[in-house]
Amino acid sequence: VVKYLYNIKRRLYKYSRRLIFISCRLPLLSGILLYLSLPYAVKPVMKKIAFAISAYIIMLCCVFPTAGQTPAEVDNMIRSGIAYHQSGMYEDALKKYQQALMAEPLNTWANYEAAFTYSVIGELEKSITHCDKVIKAQKDYELDALILKSSCLISLGENGKAISMLKTATSLYPNDNLLWFNLGLAYTADNKNVYARLAYISSI
């Protein structure tokens, strides 16, 4: 049953991405149609107004082209970002992720990869921001985002927040070793050695 529900969620996510792509194309189409209708405007003032509106719409669509990217194009941007990250070109990687997120702000893959890159370059607050978007979506990469966010919180010395979050996370994913290990680290940093020992045992 769980697997069946998961497949339904994946299909809905895929179709929602296609719907976003179609809806982003509509403004450009409306601008073009409005421009083509100019010869049929009766009054000169109407022609000027229609021309100004159509030009504005078309200009916006040209200035923000990523809004109309297909899901496949967005995925390719993310893959390019990962390749840049693996080559140590972190700023270029982040640019690719931001391009993908301009087209799909809630894309969990792009948000997670951006979070991971930010964590590598030490911008932990930004990493947490992107992790939160992934966690809130409750889709793919949720577990990865929980692990990464907890690591960032521990590195920032926010052990109380890390412990609170990890206690909830381990109840959702009781068999994940890294969550339990991070919980042990957070307890250790907070000088709660008995709880830390229990968490470390659970991570084995």
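Start by selecting Ser 127, which at 0% relative accessibility counts as buried. You are looking at a predicted model, and this serine sits in helix α6. Show its surroundings: leaving out residues up to four places away in sequence, Ser 127 touches Ala 115, Tyr 118, Ser 119, Leu 148 and Cys 152. Keep those names in mind, since several of them come back on this tour.

**Step back to the whole chain**

Zoom out and colour by secondary structure. The protein chain has ten helices and zero strands, so to speak an α-α-α-α-α-α-α-α-α-α pattern when read along the sequence. Buried residues make up 36% of the 204 residues. Of the contacts with a separation of 6 or more, 50% are between residues 24 or more positions apart. Switch on the surface and you have about 12500 Å² exposed, with carbon and sulfur atoms supplying 64% of it.

Now colour by pLDDT. The mean for the chain is 81, and 67% of its residues reach 70 or more. Select residues 1-6: the pLDDT there is below 50, and beyond near neighbours in sequence this stretch has one contact in the model. Then select residues 19-25, where the pLDDT is also below 50. How many contacts does this stretch have beyond near neighbours in sequence? Residues 19-25 have eight.

**Helix α5**

Next, select residues 108-120, which form helix α5. At 1.5 Å a residue, its 13 residues should span 18 Å, and the end C-alpha atoms are 18 Å apart, which agrees. This helix is mostly covered, with eleven of its 13 residues buried. Among the buried ones are Trp 109, Tyr 112 and Glu 113. Ala 115, Tyr 118 and Ser 119, which you met as contacts of Ser 127, are also buried.

Look at both ends of α5. At the N-terminal end, Asn 107 acts as a cap: one of its side-chain oxygens lies 3.0 Å from the backbone nitrogen of Trp 109. After the helix comes Gly 122, whose phi is positive, near 90 degrees.

**His 85, reaching over to α5**

Select His 85 in helix α3 (residues 71-86). Is this histidine buried or exposed? At 13% relative accessibility, His 85 counts as buried. Now measure from its C-alpha atom to that of Thr 117: the two are separated by 7.0 Å, although they are 32 residues apart along the chain. Setting aside residues up to four places away in sequence, His 85 touches Tyr 90, Ala 93, Tyr 97, Phe 116, Thr 117 and Val 120.

**Helix α7 and its neighbours**

Move on to residues 142-155, helix α7. Its 14 residues should span 20 Å at 1.5 Å a residue, and the end C-alpha atoms are indeed 20 Å apart. Ten of the 14 residues are buried, so α7 is largely enclosed by the rest of the structure. The buried set includes Leu 146, Ile 147, Leu 148, Cys 152 and Leu 153, along with the charged-type names Glu 142 and Lys 149.

Which helices do the buried residues of α7 pack against? Colour α5, α6 (124-137), α8 (159-172) and α9 (177-189) to see them. Just past α7 you will find Gly 157, with a positive phi near 80 degrees.

**Two cysteines**

Select Cys 131 and Cys 152 together. Cys 131 is buried, with a relative accessible area of 1%, and Cys 152 counts as buried at 3%. Why are they not drawn as a bonded pair? The sulfur of Cys 152 is 5.7 Å from that of Cys 131, its closest cysteine sulfur, which is too far for a bond. The count of disulfides comes to zero.

**Last stop: Ser 203**

Finish at Ser 203, in the segment after α10 (193-202). At 13% relative accessibility, Ser 203 counts as buried. Its side chain reaches the backbone oxygen of Tyr 200 at 2.5 Å. Leaving aside neighbours within four places in sequence, Ser 203 is in contact with Asn 177, Trp 180 and Phe 181.

Methods. Residues numbered from 1 in each chain as written. Heavy atoms only, no water. Helix = DSSP H or I, 4+ residues; strand = E, 2+ residues; numbered from the N terminus. Buried < 20%, exposed > 50% of the residue type's maximum accessible area, 1.4 Å probe, protein only. Polar contact = N/O pair within 3.5 Å; in protein donor to acceptor, adjacent residues only side chain to side chain. Contact = heavy atoms within 4.5 Å. pLDDT = per-residue confidence, 0-100. Areas by Shrake-Rupley, 256 points an atom, 1.4 Å probe, with all protein chains shown as cover. Expected span 1.5 Å × (residues − 1). Disulfide = S-S within 2.5 Å.
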